[in-house]
Amino acid sequence: MARVALVTGGTRGIGEAISVALKNAGYTVAANYGGNDEKAREFSERTGIAAYKFDVSDFEAVKEGCARIAAELGPIDVLVNNAGITRDGVIHRMSHQQWKEVIDTNLTSCFNLSRNVIEGMRERGFGRIVNIGSINGQAGQYGQVNYAAAKSGIHGFTKALAQEGAAKGITVNAIAPGYIDTDMVRAVPANVLEKIVARVPVGRLGKAEEIARGVLFLVADDAGFITGATLSINGGQHMY
Ligand code: CAA
């Protein structure tokens, strides 16, 4: 039977490309989304992928959402923690709410989702978790102390959980995308974005499908020896 994959923030942007790539590779996909009903409906009609609405920053909502997906589609073998938001601003003008929303949605969500699927994965002796970090969690970014802290946290979370899952057939890896052509990046002021793209050796923004490519590689059944790794997909913008 096809493995069930849950992609958070899976109806738009990078998440949409991941959901579609997984479906095309034969997975049964559940695409989570947080708010945009119209886009989610359009996504489901176009792709045939089921969309599930719940707030990834709310532990109880995640618990219910995961239970609903497992009941309707089957046990979740693959989790892609992709949901993320920006609330950019320099720290001297950043509100506590801007800080908290980003930490809760981008980082606490990884705990909420992983906590709710990990016991099943341990029982079945198989699991694949991919966390979507960011170049800005690796290198920092002016105007993003909240986002950089959350994304950097994802990389530590990945390495710790990889150690816990290893003996149970569960791999945990991260992908650190660079600047990808999505609504999130298009919201960056044009003059700022121009300067960023000028620093990308490949000379362009990435495509969401180029991140999905990495996810497929990491979740494959025969990728069991790859764990605790971070795959940077950033056009050469940041290498280390
Ligand atoms: N380094 C140094 N100085 C910078 C700077 C930088 N990278 N960016 C801006 N500044 C300076 C400006 O030159 C300006 O200086 P002066 O006043 O001396 O001219 C000053 O900071 C204020 O700049 P702004 O007018 O832009 O200030 P603002 O308060 O209106 O906006 C900001 C600040 C919100 C940070 C805005 O610059 C911005 O949105 N920057 C983009 C941040 C970014 O890259 N976000 C990524 C979003 S996409 C994403 O996160 C996906 C992913 O994972 C890659």
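The shell around the ligand in this predicted model divides into 9 nonpolar, 8 polar and 2 charged residues. Which residues of the 19 around the ligand come nearest? They are Asp88, Arg93, Ser134, Tyr142 and Tyr147.

Three of these names return when we turn to polar side-chain atoms. Asp88 has an N or O atom in its side chain that sits 2.8 Å from a nitrogen atom of the ligand. For Ser134, a polar side-chain atom is found 2.7 Å from an oxygen atom of the ligand. Tyr142 likewise places a polar side-chain atom 2.5 Å from a ligand oxygen atom.

How much of the ligand's accessible area does the protein cover? On its own, the ligand has 1100 Å² of accessible area, and the protein covers 57% of that. As for secondary structure, helix H7 (183-186) and helix H8 (190-198) are the elements that give two or more residues to the shell around the ligand.

Now let us look at how some of the helices pack. The table gives three pairs, with the angle and the axis distance for each.

| Helix pair | Angle | Axis distance |
|---|---|---|
| H4 (residues 96-124) and H6 (residues 145-165) | roughly 15° | within 8 Å |
| H3 (residues 59-73) and H4 | about 40° | 9 Å |
| H1 (residues 13-24) and H9 (residues 208-219) | about 50° | 8 Å |

Helix H4 appears in two of these rows, once with H6 and once with H3. Take H4 and H6 to begin with: their axes cross at roughly 15°, and because angles under 35 degrees count as roughly parallel, H4 and H6 are roughly parallel to each other. The crossing of this pair is right-handed.

What about the other partner of H4? H3 packs against H4 at an angle of about 40°, with the axes 9 Å apart, so H3 is oblique to H4. Here too the helices make a right-handed crossing.

Helices H1 and H9 form a pair in which residues 13-24 pack with residues 208-219. Are these two helices oblique or roughly parallel to each other? With an angle of about 50° between them and axes 8 Å apart, H1 is oblique to H9. Their crossing is right-handed.

To bring the ligand back into view, its surroundings include Asp88, placed 2.8 Å from a ligand nitrogen atom through an N or O atom of its side chain, and both Ser134 and Tyr142, each with a polar side-chain atom facing an oxygen atom of the ligand at the distances given above.

Technical notes: Residues are numbered from 1 along each chain as its sequence is written. This is a predicted model: local features need pLDDT of at least 70, side-chain atom pairs count only at pLDDT 80 or more; totals for chains, interfaces and linings use all residues. Side-chain values use heavy atoms; hydrogens and water are left out. A residue is near a molecule or strand if one of its heavy atoms lies within 4 Å of it. A polar contact is a pair of N or O atoms within 3.5 Å; within protein, one must be able to donate a hydrogen and the other to accept it, and residues adjacent in sequence count only if both atoms are side-chain atoms. Accessible areas come from the Shrake-Rupley method with a 1.4 Å probe; for residues, only the protein chains shown count as cover. Helices (H or I, at least four residues) and strands (E, at least two) are DSSP runs, numbered from the N terminus. Ala, Val, Leu, Ile, Met, Phe, Trp, Tyr, Cys and Pro count as nonpolar, Asp, Glu, Lys and Arg as charged, and the others, Gly among them, as polar. Axes are lines fitted to C-alpha atoms, for helices over the stretch in contact, and angles run from 0 to 180 degrees between N-to-C directions. Angles under 35 degrees count as roughly parallel, over 145 as roughly antiparallel, 65 to 115 as roughly perpendicular and the rest as oblique. A crossing is left-handed if the near helix is turned anticlockwise from the far one by less than a right angle, and right-handed if clockwise.
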